[in-house]
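Please look over the sequence and the model shown below before reading on. The report that follows takes up charge pairs, a metal site, a core and a surface patch in turn.

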Amino acid sequence: MARTTSASGAHPHEPHGDGFAGKLNWLRAGVLGANDGIVSTAGLVVGVAAATTDTAALFTAGIAGISAGAISMAVGEYVSVSTQRDSERALLAKERRELRDEPDYELAELSEIYQAKGLTPETARKVAEELTAHDAFTAHAEAELGLNPTELTNPWQAALSSAVAFTLGALLPLLAILLPPVTARIPVTFAAVLAALALTGSVSAGLGGSSRGRAVLRVVVGGALAMAVTYGIGQLADVAGI
Ligand SMILES: [Zn+2]
C-alpha cells in the first residue's frame with residue numbers, strides 16, 4: 001500500500017510557520033493514512049463479499065486486513081522516519097563539529113546565507129554575529145539545514161499516528177459491508193467508500209493547496225478501480241466454486 005508522506009516534512013523556507021506547517025503536515029499524513037485504510041479495506045471486503053455471503057468470513061477477512069494494514073503502515077512509517085532522523089542527526093553532528101573546528105568559516109557561511117536572502121553584507125554579518133553569540137548551533141541548524149534540533153520527528157509517534165489513521169479509515173468500509181442486509185452490502189459499500197474518498201481527497205487537496213476537483217477525481221477513480229478489481233476476483237472465485 002502507499003506510504004504516507006513522511007510526517008516531519010519541514011518547510012525550511014518558512015521558519016516562522018514551523019508550528020502551523022508542522023500541524024498541517026501531520027493532518028495531511030493523517031488524511032493520507034485514512035485514505036489508505038479506506039481503499040485497501042474496501043477492496044478487501046468487496047472482494048470477499050463478491051465471493052461469499054458468509055458474514056463471519058467477511059468479518060474475519062476485514063479485521064485481519066485492517067490489522068495487517070495498520071501494522072504495515074506503522075512499520076513503514078517507523079522505518080522511514082527513523083532513517084530520516086538518523087540522517088538529520090548526522091547532519092547536525094557534522095554542523096556541531098564544523099562550528100567547533102572552523103568557527104570563522106562558519107560565521108562567514110552564515111552571513112552569506114543572510115546576504116543571499118537579501119540583506120546587505122554589513123547587516124548580514126551583524127545578524128550572523130548576534131545569532132552566533134546567542135546560539136550558534138541552532139542558528140546554523142535552522143539557516144543551513146532547515147532543522148530545528150529540538151523538534152526532530154519521533155518515529156514512534158509517526159508510527160502510532162499512521163496506524164490510527166489507517167484504522168479509522170478502514171472502519172468505514174468494514175461497517176458499510178457488515179451493517180446493511182446481505183443484498184445491499186456491495187452497493188452500500190461502493191457508495192459510502194466513494195463519498196468518503198471524495199471527502200478525504202477534497203480535504204487533502206485543500207491542505208496541500210492544490211486543485212480539489214482533480215484530487216477528488218483521482219482518489220475516487222482509484223478507489224472505484226480497487227473495488228471493481230477485487231469484486232471481479234471475488235465473482236470469479238465464486239463462479240469457480242473456490
Ligand atoms: Zn554551518
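In which helix do K126 and E130 lie, and how many residues apart are they? Both lie in helix 4, 4 residues apart, which is about one turn of the helix; helices here are DSSP runs of H or I with at least four residues, numbered from the N terminus.

This is a predicted model, in which local features need pLDDT of at least 70 and side-chain atom pairs count only at pLDDT 80 or more, while totals for chains, interfaces and linings use all residues. Residues are numbered from 1 along each chain as its sequence is written, and side-chain values use heavy atoms, with hydrogens and water left out.

**Salt bridges**

Side chains of opposite charge can pair when their charged atoms come close. The structure holds 4 salt bridges, a salt bridge being a side-chain nitrogen of Lys or Arg within 4 Å of a carboxyl oxygen of Asp or Glu. The table gives three pairs, including their N to O distances.

| Pair | N to O distance |
|---|---|
| R100 and D101 | 3.0 Å |
| R125 and E129 | 3.3 Å |
| K126 and E130 | 2.9 Å |

For accessibility, buried means under 20% relative accessible area, exposed over 50%, and partly exposed in between, with a 1.4 Å probe and protein chains only. R100 counts as exposed at 59% relative accessibility, whereas its partner D101 counts as partly exposed at 49%. R125 and E129 are 4 residues apart in helix 4, separated by about one helical turn; R125 is partly exposed with a relative accessible area of 36%, and E129 is likewise partly exposed, with 39%. K126 is partly exposed as well, with a relative accessible area of 49%.

**The zinc site**

The protein donors of the zinc ion are E95 (OE), E106 (OE), E109 (OE), H140 (ND1) and E144 (OE), which lie 1.7 to 2.7 Å from the ion. Donors are N, O and S atoms within 2.8 Å of the metal (3.2 Å for Na, K and Ca), and sites may look incomplete because water is not among the atoms. Along the sequence, the spacing of the donor residues reads E-x10-E-x2-E-x30-H-x3-E. E95 lies in helix 2 and E144 in helix 4 (residues 121-145), so this pair ties together parts that are 49 residues apart in sequence. E95 counts as buried at 3% relative accessibility, whereas E144, at 26%, counts as partly exposed.

**Core and surface patch**

The largest nonpolar core (buried Ala, Val, Leu, Ile, Met, Phe, Trp, Tyr and Cys residues joined through side-chain atoms within 4.5 Å) has 24 residues, of which L58, I177, I186 and V193 touch the most other members. Two or more residues each come from helix 1 (18-51), helix 2 (55-101), helix 5 (155-178), helix 6 (185-208) and helix 7 (212-239), and helix 5 gives the largest share, 7 residues. Leaving aside residues up to four places away in sequence, I186 touches V46, A49, A50, I177 and Y231, where contact means heavy atoms within 4.5 Å.

L160, V164, L168, L171, L175 and L179 make a nonpolar surface patch of about 600 Å². Patch residues have over 30% relative accessible area and no salt bridge, with like charges joined within 9 Å and nonpolar side chains (Val, Leu, Ile, Met, Phe, Trp, Tyr) within 5 Å. Of this patch, L175 lies in helix 5 and is partly exposed, with a relative accessible area of 45%.

Technical notes: Accessible areas come from the Shrake-Rupley method with a 1.4 Å probe; for residues, only the protein chains shown count as cover.
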